[in-house]
Amino acid sequence: MSAKNIVLTATTELFAKKDPSAVDHWVAPNYIQHSSLAADGPEALRQLVAGLGPDFRYEGARVIADGNLVALHGTYYGFGPDPLVGFDIFRVDANGKLAEHWDALTPVVRNTASGRTQTDGPTEVIDTGKTEANRALVTEFAQQVFVDADYSVLTDYISTETFSQHNPEAADGLAGFGAAVAKWGEQGKKLVYQKVHKVIAEGDFVLLQSEGEFGVPAAYYDLFRVQDGKLVEHWDVIAPVPAQLPHHNGLF
């Protein structure tokens, strides 16, 4: 099985069927957890699955596979009173087991600036032959725009013709992004990226996992869709970094 199929099968058994025994088949004994929701190791994951209520469900939107890393984008219902949009990243080891997990979650926003939801839009991976070119483009964009905060080069990377935005506070297009950044600055939430930890790419989709500040220390997950050498669509989760975690692995 491919890493993508392993993750999809394992997460279906764990979180759709809510089967704690699936941990024995799919999870490595030295499973490393980075989520703020669970402690380290397979037994903590088993307890999490066993504690899922009858109303819990996951609605997947996208799956991106890059070597032994597989990223999921979707919506969780039943973790709390409100649904949560999330990105999950799993590392699959050489034995075909889930060996490591990272995630970030944010509440679903019903009324967004663009009128789009946080997960709608294209879902199928295309242009697989352009994976490495798209990875390089988004990596360069992340360094120049996110980390170096050089917004003068935005049009070198983002399409001026169409840029579909799924961040709930930003409208479509470059103007929408600029207005949102200005608004956040006025609110004391300057968009600061300190380090890009992962770039996960498959075809026209590229996911960045980054560390920075957004008024408080934050984890950024930014998913871009690339078309004809330009960024044309963006989904994200910005999650505060908790002061304490149930493990010693950090969020990244």
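The following chat goes through the pockets, a sheet and two backbone details of a predicted model.

Biologist: Let's start with the largest pocket; what volume does it have?

Modeller: In this predicted model, the largest pocket has a volume of about 280 Å³.

Biologist: And which residues lie nearest its centre?

Modeller: The lining of the largest pocket is made up of 18 residues, and those nearest its centre are Thr106, Pro168, Glu169, Phe214 and Ile238. Strand 5 (98–107), strand 9 (217–227) and strand 10 (230–240) are the elements that give two or more residues to that lining, and strand 10 gives the most, with five residues.

Biologist: How does that lining split by class?

Modeller: For the largest pocket, twelve of the lining residues are nonpolar, three are polar and three are charged.

Biologist: What about the second largest pocket, how much space lies in there?

Modeller: The second largest pocket holds about 220 Å³ of space, and its lining consists of 15 residues, with Leu8, Thr11, Tyr58, Gly60 and Leu72 nearest the centre. By class, that lining has nine nonpolar, four polar and two charged residues.

Biologist: Which element gives the most to that second lining?

Modeller: Strand 2 gives the most, with six residues, while helix 1 (3–16), strand 2 (57–66) and strand 3 (69–77) each supply at least two residues of the lining of the second largest pocket.

Biologist: Strand 2 and strand 3 again, then; in what sense do they pair?

Modeller: Strand 2 and strand 3 pair in the antiparallel sense, over nine bridges, and Ala65 stands opposite Val70 of strand 3. Both strands belong to an open sheet of five strands, with mixed pairing and the order 1-5-4-3-2.

Biologist: Which strands are at the edges of that sheet?

Modeller: Strand 1 (27–33) and strand 2 are the edge strands, each of them pairing on one side only, and from one strand to the next the twist averages 25°.

Biologist: Changing topic to the backbone: what is phi of Asp127?

Modeller: Phi of Asp127 is near 55°, which is a positive value in a residue other than glycine. Most residues other than glycine have a negative phi. Asp127 is placed in the loop between strand 5 and helix 4 (131–147).

Biologist: Why does Asp127 count as partly exposed?

Modeller: Asp127 counts as partly exposed because its relative accessibility is 34%, and that class runs between the 20% limit for buried and the 50% limit for exposed.

Biologist: And where does Ala149 lie?

Modeller: Ala149 lies in the loop between helix 4 and helix 5 (154–157); its phi is near 55°, a positive value, and at 42% relative accessibility Ala149 counts as partly exposed.

Notes. Residues numbered from 1 in each chain as written. Predicted model: local features only at pLDDT ≥ 70, side-chain atom pairs only at ≥ 80, totals over all residues. Heavy atoms only, no water. 1 Å grid on protein atoms, 1.4 Å probe; cavity = no way out; pocket = protein on both sides within 12 Å on 5 of 7 lines; lining within 4 Å. Points joined across faces, edges and corners; volume = space filled by probe spheres on them. Helix = DSSP H or I, 4+ residues; strand = E, 2+ residues; numbered from the N terminus. Nonpolar A, V, L, I, M, F, W, Y, C, P; charged D, E, K, R; others polar. Pairing = 2+ DSSP bridges. Axes fitted to C-alpha atoms, helices over the stretch in contact; angles between N-to-C directions. Buried < 20%, exposed > 50% of the residue type's maximum accessible area, 1.4 Å probe, protein only.
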